[in-house]
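Q: Hi! I have a model open and would like to talk through its pockets, cavities and domains. Shall we take a look together?
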2 protein chains.
Amino acid sequence: MSALEELITKAKALQAEGHTPGQISDELGLSMETVTWLLTQQKGMEAPKDVHIDWAAVGSHGVLLNDMAMMMLKRFLYLEEGGDVRAIEDLPDTVVGIAPSGAPLATLIAAEEGLKLAVYLPAKHSRSEAPTGSLSGTFSAIAAQRCIIVDDVVTTGTTLSETIAFLRQHGATPVAVWSLFDKRGAREIDGVPVHSLFVISRLG
Amino acid sequence: MSALEELITKAKALQAEGHTPGQISDELGLSMETVTWLLTQQKGMEAPKDVHIDWAAVGSHGVLLNDMAMMMLKRFLYLEEGGDVRAIEDLPDTVVGIAPSGAPLATLIAAEEGLKLAVYLPAKHSRSEAPTGSLSGTFSAIAAQRCIIVDDVVTTGTTLSETIAFLRQHGATPVAVWSLFDKRGAREIDGVPVHSLFVISRLG
């Protein structure tokens, strides 16, 4: 089975279980456009030009997941672009994990550095007629907080733009986005710098 | 500048400095076919269908590079497919790093676990008329050794096939390939299991 056929099978199985396209997009680390194509494969509609990133070997074990989260933290502390080595005091107040895939990474970073943890649920996971994003009430509030936003994969940047706007509307200051993989190769989104461990670019 | 234009510029700069296509292929983590296209862009020749992986943010700092190497080791120890958790005693005798990009990762793994270190120089780096691979005489020999082969990116698998054949011809037993990224999604190469941290698949 090709990578594409495998993804079509997975996407359809998730849909059959009642998942929304937004959830499938997160689950598979693909853009919404790609997921729509996988689910419908309408004639005359071109196959998606996307790249699938499977990091389950790391995500499936707590020790490896923690290593990954600590690398995001060290990238911030050691490799700040165009500046000196960072000090722990430069860390923000709150780590905002984007649910579902960013939340475990954000949790481990907050636990390591003694920071507050917030969890953002993007609009694409909302099942209401007018989908809207929200902050989980179980974790920290964000008003007047300097926040770092954590997610696993930057695909189109739509979810991050939404999260940045949400934080600003609620009185928080997003100071950086940390991601494992960046498929856009963008240095910033809506004025917020993006720091990724790996940049993945599709050629041709 | 698009990712493709950036790579064309980089590939041509490396060629101007006297690098062979094989070296450029390693340097940029791309297949030989892609590098040939980047350097010539012959009319009627299609743009390469490849994925570029930039892990320089991690590779450029010793601490992050060491974290990455330790994750390769832990993946082997904790996540052995279809078996129990591995014991340190299951480790091989020698870690063979493929020069240039696999060698630092192999070095850190060998140093951590007290294993021998060998460095393989693939044929594509040979400048002789009949290019042939070789083992660096500065590091360990491999005869009668159980070896793990370490590289950063599995692109087409050509270099790994060559390394596996070289090890077998010289009396060694390759027991596994460890890589950071696998662009082929292959579980094995020439009968040797491949364990990668991340699988990157191009769609469409």
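Q: By class, what does the lining of the largest pocket have?
A: Happy to help, and bear in mind that this is a predicted model. The lining of that pocket has 14 nonpolar, ten polar and 13 charged residues.

Q: How much space lies in the largest pocket?
A: About 870 Å³. There are 37 residues lining the largest pocket, and the closest to its centre are A:Asp182, A:Arg184, A:Gly185, A:Ala186 and A:Val199.

Q: Nice. Which element gives the most to the lining of the largest pocket?
A: That would be E8(A), with ten residues.

Q: And which elements each supply at least two residues there?
A: E8 of chain A does, together with three elements of chain B: helix H1 (3–16), strand E1 (51–54) and helix H4 (56–59). The lining of the largest pocket therefore draws on elements from chain A and chain B, taking helices and strands as DSSP runs.

Q: Switching to cavities: how many of 30 Å³ or more does the count come to?
A: Just one cavity of 30 Å³ or more. The space in the largest cavity is about 30 Å³.

Q: Which residues line the largest cavity?
A: You'll find A:Met72, A:Arg75, A:Phe76, A:Trp178, A:Ser179, A:His195 and A:Leu197 there. The elements of chain A that give two or more residues to this lining are helix H5 (62–78), strand E6 (173–182) and strand E8 (192–202).

Q: Where does the largest share of that cavity's lining come from?
A: From H5(A), with three residues.

Q: How does the lining of the largest cavity split by class?
A: Four residues are nonpolar, two are polar and one is charged.

Q: OK, domains now. How is chain A divided?
A: Into domain 1 (3–40) and domain 2 (56–199). Their C-alpha centres lie 23 Å apart. Eleven residues from domain 1 of chain A and nine from domain 2 of chain A take part in the contact.

Q: What area do domain 1 and domain 2 of chain A bury between them?
A: About 730 Å², with 45% of it on carbon and sulfur atoms.

Q: How many salt bridges does the rule find across that interface?
A: One salt bridge, across the interface of domain 1 and domain 2 of chain A.

Q: What do the side chains of A:Lys124 and A:Asp26 meet in?
A: They meet in a salt bridge, at 3.1 Å from N to O. A:Asp26 falls within the 3–40 bounds of domain 1, and A:Lys124 falls within the 56–199 bounds of domain 2.

Definitions and conventions: Residues are numbered from 1 along each chain as its sequence is written. Chains are lettered from A and ligands numbered from 1 in the order in which they are written. This is a predicted model: local features need pLDDT of at least 70, side-chain atom pairs count only at pLDDT 80 or more; totals for chains, interfaces and linings use all residues. Side-chain values use heavy atoms; hydrogens and water are left out. On a 1 Å grid over the protein atoms alone, a cavity is a set of points where a 1.4 Å probe fits but cannot get out, and a pocket is an open set with protein on both sides within 12 Å along at least five of seven lines; lining residues have an atom within 4 Å of a point. Grid points are joined across faces, edges and corners, and a volume is the space filled by probe spheres set on the points. Helices (H or I, at least four residues) and strands (E, at least two) are DSSP runs, numbered from the N terminus. Ala, Val, Leu, Ile, Met, Phe, Trp, Tyr, Cys and Pro count as nonpolar, Asp, Glu, Lys and Arg as charged, and the others, Gly among them, as polar. Domain bounds come from an automatic or database domain assignment. Contact means heavy atoms within 4.5 Å. Buried area is the accessible area (1.4 Å probe) that two parts lose on being put together, summed over both. A salt bridge is a side-chain nitrogen of Lys or Arg within 4 Å of a carboxyl oxygen of Asp or Glu.
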